[in-house]
Amino acid sequence: MAEEKKEEEVVEETVDNQEEIEETVETTDSKEESLESEMAKLQEEVNTWKTDYYKVFADMENLKRRLEKEHQNSLKFMMQSFIEELLPVVDNFERSLNVQNPSEEVKTFLKGYQMIFDQLMNILQKNGVEVIEAQGKEFDPNFHQAVMTANDENFGHNIVVEELQKGYKLKDRVIRASLVKVNE
């Protein structure tokens, strides 16, 4: 009987141990589930932070590119207003050089004026100013402004017959369109 009692105690102890093991396994399983859910939440939060970071990084890169482009454009065209104010002076200079039948004294002055004018035009060219070619070219409303029409058989249809005022470009931007007379 003592042996049976011992066996019963061993069996009860084994059953108790199995119940404790099952409880431990259940608590371990529930802990693992809670850890997995917490890990999933943290992973989701990490993904949210990553997404936000990439969005902010992309926005900053776009801003950087836009500011660089604006800066390049401002450098490229910073002289535009100055050149626009200078163009009437250039026009008057050209008119003064077109004197008909000058005297010897005036010819000497005209040589000096021509040298100054050439120097001024070289400086403008170095800074990206170009004269728009018009005479004998096809009319282009992007570069020419038609103020008169003519009916000349020596020129084709829609060809610039006469340039009344020179036009100028600064790099690839038209500062002032050429005033022209166009053949019909």
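This report walks through a helix, a group of aromatic rings and a buried lysine in a predicted model.

## Helix α3 and what packs on it

Let's start with α3, which runs over residues 104-126 and so counts 23 residues by the helix assignment used here. From first C-alpha to last, α3 reaches 33 Å, close to the 33 Å expected at 1.5 Å a residue.

Part of this helix is tucked away: L110, F117, L120, M121 and L124 are buried. The cover over the buried residues of α3 includes helix α2 (80-97), along with β1 (129-132) and β4 (167-170). Just past the end of α3 sits G128, with a positive phi of about 95°.

## Rings along helix α1

Now for the aromatics. There are 4 aromatic pairs in the structure. One of them joins Y53 and F57, which are stacked, with 6.1 Å centre to centre and 25° between the planes. Both rings belong to helix α1 (residues 2-76), where they sit 4 residues apart, about one turn of the helix.

Y54 joins in too, as ring pairs link Y53, Y54 and F57 into a cluster. Is F57 buried or exposed? Neither quite fits: F57 has a relative accessible area of 43%, so it counts as partly exposed.

## A lysine in strand β4

Back to β4, one of the elements covering α3. This strand holds K169. With a relative accessible area of 19%, K169 falls under the 20% cut-off, so it is buried.

What does K169 touch, leaving aside its neighbours within four places in sequence? The contacts are G128, V129, E130, I132, F143, V174 and I175. Among them is G128, the residue with the positive phi just after α3.

Conventions: Residues are numbered from 1 along each chain as its sequence is written. This is a predicted model: local features need pLDDT of at least 70, side-chain atom pairs count only at pLDDT 80 or more; totals for chains, interfaces and linings use all residues. Side-chain values use heavy atoms; hydrogens and water are left out. Helices (H or I, at least four residues) and strands (E, at least two) are DSSP runs, numbered from the N terminus. The expected span of a helix is 1.5 Å times one less than its number of residues. Buried means under 20% relative accessible area, exposed over 50%, partly exposed in between (1.4 Å probe, protein chains only). Contact means heavy atoms within 4.5 Å. Rings of Phe, Tyr and Trp (its six-membered ring) pair if their centres lie within 6.5 Å; planes under 30 degrees apart count as stacked, over 60 as edge-to-face and the rest as tilted.
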